[in-house]
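Please work through the exercises below with the structure open beside the text. Each one gives a task sentence, followed by a solution that goes step by step.

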Amino acid sequence: MTTTTILSVLSILFLVSVSASNNPSLLHSLKVPSLSHLSSFQDDLSYSLYHTTCPDVEGLIYRKVKEWVNKDPTLAASLIRLHFHDCSVRGCDASILLDHNGSERSANASKSLRGFHLINDIKKALEKKCPKTVSCADILTTVARDATVLAGGPFWMIPFGRKDGRVSLANEAAMVPMGRETITNLIQFFQSKGLNVLDLVVLSGAHTIGRSTCESVQYRLYDYKGTKKPDPSIDPQYLNYLRRKCRWASENVYLDATTPKKFDTQYYQNLKKKMGLLSTDQLLYVDSRTRPIADALSFESSLFSNQFSVSMVKLANILDAKSQDNGEIRVNCNRVNY
């Protein structure tokens with residue numbers, strides 16, 4: 001498939017995205033395909049759910065997110081990542097927020113996640129304003145959207161009604177991609193959630209902002225696949241830069257070394273220059289299934305921005321039947337009600 005063909009396809013998606021952003025009913029139709037382990041609970045989500053039961057819920061959440069992100073701009077990317085981790089396990093049910101021994105949050109794969117204090121701050125404020133009304137899952141979904149906006153990214157409408165799950169298992173957190181997978185593994189993972197290859201490439205573009213721990217990339221710098229040599233797909237100058245930045249595993253390094261604090265298409269431009277930080281980033285520009293999409297997105301910022309909002313809507317609409325059937329509205333996001 002040529003880049004021109006991909007551009008044509010994405011142009012159509014762009015028009016759909018623009019229409020969706022201006023038409024909630026159309027946006028609501030852009031939901032996750034039905035899968036055997038997912039439910040049709042998306043149909044129960046509503047844009048007006050809190051209009052009378054908790055007016056200005058979105059305004060309150062936005063103000064809180066803005067307050068925290070103004071203090072620490074790096075938090076924006078962390079909130080998007082927290083939402084992705086949540087939706088990747090048992091759907092978007094806030095199971096990642098449960099804080100107990102053996103929970104997803106306690107897993108090694110979750111140790112670098114941030115933003116929990118902000119969620120607690122928002123929940124505390126909402127419990128005073130409208131007790132036992134707004135789910136932690138809806139809060140986290142809205143926080144991810146607002147964090148994107150505050151980082152310079154797009155806005156999208158969010159339907160509400162997600163329940164808070166009562167189950168959270170550490171071993172399930174290991175299924176979330178960590179940056180060392182093959183593209184085939186990533187495609188299979190995304191498809192298992194009702195997402196496609198386009199969603200994979202577009203959502204990976206969230207790496208236009210934020211940081212990663214050096215621990216996640218050091219193996220690429222010194223001993224790639226047991227060769228005692230660096231990953232040959234890394235640009236030599238970028239390699240030297242990373243070696244200077246990542247002397248210690250505990251250090252952090254920007255996912256986008258060029259415009260790390262700007263929500264733009266530079267992430268895809270970096271892939272062309274062999275400057276993808278994570279192995280899974282760079283592989284997007286190597287694999288024939290993903291490279292044309294990454295290439296096309298690099299040319300048009302509005303295309304990426306609008307498709308990102310569509311893919312985020314699909315991500316947020318991943319709901320697990322058991323979590324929704326047995327779910328609740330937590331009073332405290334860190335623990336189940338009883």
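**Exercise 1: A salt bridge and the exposure of its partners**

Arg-289 has a relative accessible area of 37%, and it therefore counts as partly exposed; the model in which this value was computed is a predicted one. Task: find the salt-bridge partner of Arg-289 and classify how accessible that partner is.

Step 1. The partner is Asp-287, and the closest N and O atoms of the pair are 2.9 Å apart.

Step 2. Asp-287 has a relative accessibility of 17%, so it counts as buried, since the cut-off for that class is under 20%.

Step 3. Elsewhere in the model, salt bridges with shared partners join Glu-58, Arg-145 and Asp-146 into one network. Within this network, the closest N and O atoms of Arg-145 and Asp-146 are 2.7 Å apart, and both of these residues are buried.

**Exercise 2: A salt bridge along a helix**

Task: locate Glu-67 and Lys-71 in the secondary structure, and state how exposed Glu-67 and Lys-71 are.

Step 1. Both residues belong to helix H3, which covers residues 57–71, and they are four residues apart, about one turn of the helix.

Step 2. Their side chains meet in a salt bridge with an N to O distance of 3.7 Å, which satisfies the criterion of a separation within 4 Å. The count for the model by this rule comes to 16 salt bridges.

Step 3. Glu-67 is partly exposed because its relative accessibility is 36%, whereas Lys-71, at 64%, counts as exposed.

**Exercise 3: A charged residue without a salt bridge**

Task: determine which side chain of opposite charge is nearest to Asp-86, and which backbone nitrogens the side chain of Asp-86 reaches.

Step 1. Asp-86 lies in helix H4, and although it is buried, it has no salt bridge.

Step 2. The nearest side chain of opposite charge is that of Arg-330, at 6.7 Å, while a salt bridge requires the relevant atoms to be within 4 Å.

Step 3. The side chain of Asp-86 does reach the backbone nitrogen of Asp-93 at 3.4 Å, and a polar atom of that side chain also lies 3.4 Å from the backbone nitrogen of Ile-96.

**Exercise 4: Pockets and a cavity**

Task: describe the largest pocket, the second largest pocket and the largest cavity by volume and lining.

Step 1. The largest pocket has a volume of about 1,100 Å³. Its lining comprises 43 residues, and those closest to its centre are Arg-81, His-85, Pro-177, His-207 and Leu-278. By class, 21 of the lining residues are nonpolar, 14 polar and eight charged, and H4 provides the largest share of the lining, six residues.

Step 2. The second largest pocket has a volume of about 190 Å³ and is lined by 13 residues, with Pro-73, Thr-74, Ala-76, Ile-209 and Lys-261 nearest its centre. Nine residues of this lining are nonpolar, two polar and two charged.

Step 3. The count of cavities of 30 Å³ or more comes to one, and the largest cavity holds about 30 Å³ of space. Its lining includes Phe-84, Cys-87, Phe-189 and Lys-193, and it divides into seven nonpolar residues, one polar and one charged. H4 supplies the largest share here, three residues, and both H4 and H8 contribute at least two.

Technical notes
Residues are numbered from 1 along each chain as its sequence is written. This is a predicted model: local features need pLDDT of at least 70, side-chain atom pairs count only at pLDDT 80 or more; totals for chains, interfaces and linings use all residues. Side-chain values use heavy atoms; hydrogens and water are left out. On a 1 Å grid over the protein atoms alone, a cavity is a set of points where a 1.4 Å probe fits but cannot get out, and a pocket is an open set with protein on both sides within 12 Å along at least five of seven lines; lining residues have an atom within 4 Å of a point. Grid points are joined across faces, edges and corners, and a volume is the space filled by probe spheres set on the points. Ala, Val, Leu, Ile, Met, Phe, Trp, Tyr, Cys and Pro count as nonpolar, Asp, Glu, Lys and Arg as charged, and the others, Gly among them, as polar. Buried means under 20% relative accessible area, exposed over 50%, partly exposed in between (1.4 Å probe, protein chains only). Lys and Arg count as positive and Asp and Glu as negative; His and the chain ends are not counted. A polar contact is a pair of N or O atoms within 3.5 Å; within protein, one must be able to donate a hydrogen and the other to accept it, and residues adjacent in sequence count only if both atoms are side-chain atoms.
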